[in-house]
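Reader: I'd like to go through this one label by label and hear the reasoning behind each. Can we start once the structure is up?

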Amino acid sequence: MSLRKTIFLRINLLIVLLITAICVAGSALEIKHRQHDTRQAIETRVGVLAEAIGPLIEQDARNHITRMLQRLDDFHPSVKMAFIAKENEVFLTPSAMEFSMAFPGSWSPPDGEILSREFEDENGIKYFDVVARVGHNTLFSLHAVMEKSAMGIHASPIVKIIFGFGLLGILFSIPLSWWFANTTTHEVDLLTRELKRHNDHMEDLVQERTTALKRFKHIVSVTIDHMSFIDTNYTYREINESYLMAFGKTRKEIVGYSITEIHGAEVFHEKIKDNFDKCLGGESIAYQAWFPFPESGRRFMDVSYVPFKETDGTISGVVVSGRDITESMVAADRLGASEKRFHALFNGLGIGVAIYKATDDGQDFIFLDYNQAGQTMDGVSHKEAIGRKVSEVFPGVEEFGMMDVLRRVWQSGVPEEHPVSIYKDQTITFWRHNSVFKLPSGEIVAVYTDETERMQVQENLRSQHNRFVTVLDSLDAIVYVADMETHEILFANKQLRDQFKNCTGKTCWQAIQTGQTGPCDFCTNDRLLDEHGSPTEPLIWEFQNTADRQWYQCRDQAIHWPDGRLVRLEIATNITDRKQSEEISRLQGKFLKSLANAAQALLTSAELVPYQDFLDIVGPASNAGSAFIFLTKNSPQGDLLLDRKGRWYSNPEGAAKDEVLLQDRAYDDCLPNWYGTLNTGLVITTTADVCPEPERQLLLDQNIQTVLIIPIMIDSRFFGFIGFDNCISGITWSPMEQTYLEAAAFDLAQAIKRSRSEKLVRESLKEKEDLLREIHHRVKNNMQVVTSLLNLQARKITDQEALKAIRESQDRIQVMSLVHETLYRSDDLHSISMKEYFTRLAHDIIKLYPGSVQCRITADDVTLSINDAIPVGLIANELVTNAFKHAFPDGRKGEIQIRLGKMDNDELELVVSDNGVGIADSIDLQKSKTLGLQLVSRLAEGQLGGTLEVVRENGSAFHVRFASQGV
């Protein structure tokens, strides 16, 4: 090789080496610059991601965290691992599963800060590590490889240059170096743009997700529905504020607990589980049920379950929404009641109302409803109209013009007035004013009034003006017409002209009122026209004229005057006498009601007169400040003293002094002048300043200005007085009020008289009862005397039959004696308890016939008068005695029953039965020769007026049925 060539080759080699060194240095600087940019981008990205991951970590949104980590694998080839460490739980990117490296000791930044560092592993590989705190005990970390290969270059710059120049040769070293440098720079630029694009995309995504999450959390937090998220294990994972308020618990007391722990096993299994399981299967559920709440009790809830699906389609839980619709349920009940009230109001209106729906595309209308006033006006019944077309019910409706109004309102929805018009068909003629509007539901409503009478009046006004004026002038009422704008009186009838001279041409408030500087406050002009300026129905009202102070009933109506302007026609009838009569009637009604109540209180009292109750009723109607009652009583010395029985105050706080100073004082000492007047039965009504002493001083001491004193007279004798006073003003009692109070005093006097009479009657009745009890006692003693006489007589009789008859007579006398003894021992002298009587009777009979026979008494709560008790007792005595004698021969055991009870027909039945040998069939009670059986038959049928029946089964049973004669 020539020296020249050798030099060229060496120079060329030197140039190649120089260019190579420059390329290596430039590549190293570029890589270092790119690494610096990458570190800054990663730090910024970590900060953005930390803000997005923080809420997810706090909400335990595991699925969202996992998806975010998966996307970090595509962030850049330099990012080899990212993880989230929450306490003892770690979330990793999928690439981290294949990546392992040893990191220096653990390190953790403070809250809200981001730390970064670079380090090498044992193999000399450089890493960049960024850590941020994203929640309590939670770290987010990102690790990137910072070698040149991480920037998109697969070998060192020196190796690439040497390898390239070795292949291409020395002649192509310079272009090759230039091409390599440009190529490397181009790849780095592409990597930088891709990294920035990924970074911007992630920032937008995180910002979008963060904004959406905040918006969603705000919406959920402010909704009134109770919302919660429950996982597949029936455990609460998230709840909103409404849910917490409904249960009165904190988030920590619910989140992490199961449905059973919060609501109880019964509610879970009966109302929740089945629907919840269906929802976990992918079905959306909605239902309504009653649920218990600790704060508000049982509430009716509208509940919906919606499955929560992840991005991969799996169901990770259920979103539960519950709305309290208890008030809606109550409102629905109220709506039904409101609808009933509406129908009552609808039918009670004094104006006609009809409701239609369109048919034939609005060409006609069908009646849907029709109130009672409309039916009466039109002479058409509800049954004749409902369901039929308007044109069928009213054939002249088209000519009337109403059908066009209905169609326009139906089409436009704008309300319209159909002015007063005349309707005619073959059968009826009338004037109507209609207001038509459309309901939101589409029905058409017509509200109308019958203007027939008013229009006829106007027609008569126009056609017979002179006659009308004559009639108006002859009326016993004021009639005038005034312009509704200027208030000028255009017409006045004779009654008004005579009462208010020269009134025509003046304004009404100047001519017929006084003290007015402008139109009267009570002027009715604004009430005589509707919102469209059309006349309304006549207005009837009452007022007291300011000029003559007379009361008038006015009938005001807006009409069209012949020149077309609107005027007010007023017809005023003097009702002063009626008003006075009404006031008198009102007072009379108040007084009569008070008297009736007071009389009832007096009549319903048991023994004592209710003086205070009487004053509490009479006082409020007396027009007095207070009312009081004093009766008379005698002192031990014979003086007539005042005895207060009651006091009523209209206003206890401002009442007069308590007049206890009058208690037990003598009339001669404090009311000498009044006593002389009251003792004659005269009423005292006066004022304190004109009273003589000492009455005047007595009234002044109690601040009394006026007083009304009415004597209480019983059989023309003075027993006391009832008084009324007033401490506020010097009022006077009208004759009607005084008459009312005198009537009240009379009723009180009668009550006192009746109470005293009843007391005398009670005392007299007690004396008579004692006398009657003594009579029964003496009758019983006399019967004992007769029994003793028969006993003495029996000692001398040797004939056994005669002796037997005497003994039986003694028994019968004893039965009657027992009745009288029972009466005088009883509190009731009019009736006898038969159960007690039978018990004593059986006891006396058993003593005569001792043995093994039992006697059982069954008697209802029956009492009999002495007239019935004696024959019933004799019958029982005869039958029981006969049973003891004959029903149980040879000492047989048995039972005798006595029963007395009421039957269904209000009759009484006495049954005497035994289970002995029974009475022979041959014995006829009607023809029996035995005195005892004859006596039973005669007493039952003759004296009691009843029937006697014998039953011969299982012994004997005698049934006596009779009607009680009463006590």
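Author: Sure. Keep in mind that this is a predicted model. Aspartate 361 is a good place to begin: at 66% relative accessibility it counts as exposed.

Reader: What makes 66% enough for aspartate 361 to count as exposed?

Author: Exposed means over 50% relative accessible area. Aspartate 361 has 66%, so the label is exposed. The residue is found in the loop between strand 11 and strand 12, and its phi is near 55°, a positive value in a residue other than glycine.

Reader: Histidine 487 has a positive phi as well, near 65°. Is histidine 487 buried or exposed, and how do you know?

Author: Buried. Its relative accessibility is 10%, and the cut-off for buried is under 20%, so histidine 487 falls on the buried side. Its place is the loop between strand 16 (478-483) and strand 17 (489-492).

Reader: Back to strand 11, where threonine 359 sits. Why is threonine 359 called buried?

Author: Threonine 359 comes out at 18% relative accessibility, and buried means under 20%, so it gets the label. Setting aside residues up to four places away in sequence, threonine 359 touches Asp364, Phe365, Ile366 and Lys389.

Reader: On to the rings. How many aromatic pairs does the structure hold?

Author: There are 23 aromatic pairs. One of them is tyrosine 356 with phenylalanine 367, at 5.0 Å centre to centre and with 70° between the planes.

Reader: Why is the pair of tyrosine 356 and phenylalanine 367 called edge-to-face?

Author: Two checks. Centres have to lie within 6.5 Å, and planes over 60 degrees apart count as edge-to-face. With 5.0 Å and 70°, tyrosine 356 and phenylalanine 367 pass both, so edge-to-face it is.

Reader: What does that pair tie together?

Author: Tyrosine 356 lies in strand 11 (residues 352-359) and phenylalanine 367 in strand 12 (residues 364-370), so the pair ties together parts that are eleven residues apart in sequence. Both tyrosine 356 and phenylalanine 367 are buried. They also belong to one aromatic cluster, along with Tyr370, Phe394, Phe400, Tyr423 and Phe430.

Reader: What makes the pair of phenylalanine 522 and phenylalanine 543 tilted?

Author: The angle between the planes is 35°. Stacked would need under 30 degrees and edge-to-face over 60, with the rest tilted. So 35° lands in tilted, and the 5.1 Å between the centres is within the 6.5 Å for a pair. This pair links distant parts of the chain, 21 residues apart: phenylalanine 522 is in the loop between helix 17 (508-511) and strand 18 (539-544), and phenylalanine 543 is in strand 18.

Reader: How exposed are the two partners, and why?

Author: Phenylalanine 522 has a relative accessible area of 28%, so it is partly exposed: not under 20%, not over 50%. Phenylalanine 543, at 12%, is under 20% and therefore buried.

Reader: Strand 18 also holds tryptophan 541. Why does tryptophan 541 count as buried?

Author: Its relative accessible area is 13%, under the 20% cut-off, so buried again. Leaving aside neighbours within four places in sequence, tryptophan 541 is in contact with Phe522, Thr524, Tyr552, Gln553, Cys554, Asp556 and Glu570. For glutamine 553, twelve residues apart from tryptophan 541 along the chain, the C-alpha atoms are separated by 5.8 Å.

Reader: Which charged residue lies over the face of tryptophan 551?

Author: Lysine 579, at 4.6 Å from the ring centre. Likewise, the charged end of lysine 271 sits over the ring of phenylalanine 291, 5.1 Å from its centre. The distance limit for this label is 6 Å.

Reader: Last topic, helix packing. How do helix 25 and helix 26 pack?

Author: Helix 25 (residues 834-848) and helix 26 (residues 866-886) pack at an angle of about 35°, with their axes 11 Å apart. Their crossing is right-handed. Helix 25 contributes residues including Met834, Tyr837 and Phe838, and helix 26 residues including Ala869, Val872 and Gly873.

Reader: What is the make-up of that contact by class?

Author: Eleven nonpolar, three polar and no charged residues.

Note on methods. Residues are numbered from 1 along each chain as its sequence is written. This is a predicted model: local features need pLDDT of at least 70, side-chain atom pairs count only at pLDDT 80 or more; totals for chains, interfaces and linings use all residues. Side-chain values use heavy atoms; hydrogens and water are left out. Rings of Phe, Tyr and Trp (its six-membered ring) pair if their centres lie within 6.5 Å; planes under 30 degrees apart count as stacked, over 60 as edge-to-face and the rest as tilted. Helices (H or I, at least four residues) and strands (E, at least two) are DSSP runs, numbered from the N terminus. Buried means under 20% relative accessible area, exposed over 50%, partly exposed in between (1.4 Å probe, protein chains only). A charge sits over a ring if NZ of Lys or CZ of Arg is within 6 Å of the ring centre and within 35 degrees of the ring normal. Contact means heavy atoms within 4.5 Å. Axes are lines fitted to C-alpha atoms, for helices over the stretch in contact, and angles run from 0 to 180 degrees between N-to-C directions. A crossing is left-handed if the near helix is turned anticlockwise from the far one by less than a right angle, and right-handed if clockwise. Ala, Val, Leu, Ile, Met, Phe, Trp, Tyr, Cys and Pro count as nonpolar, Asp, Glu, Lys and Arg as charged, and the others, Gly among them, as polar.
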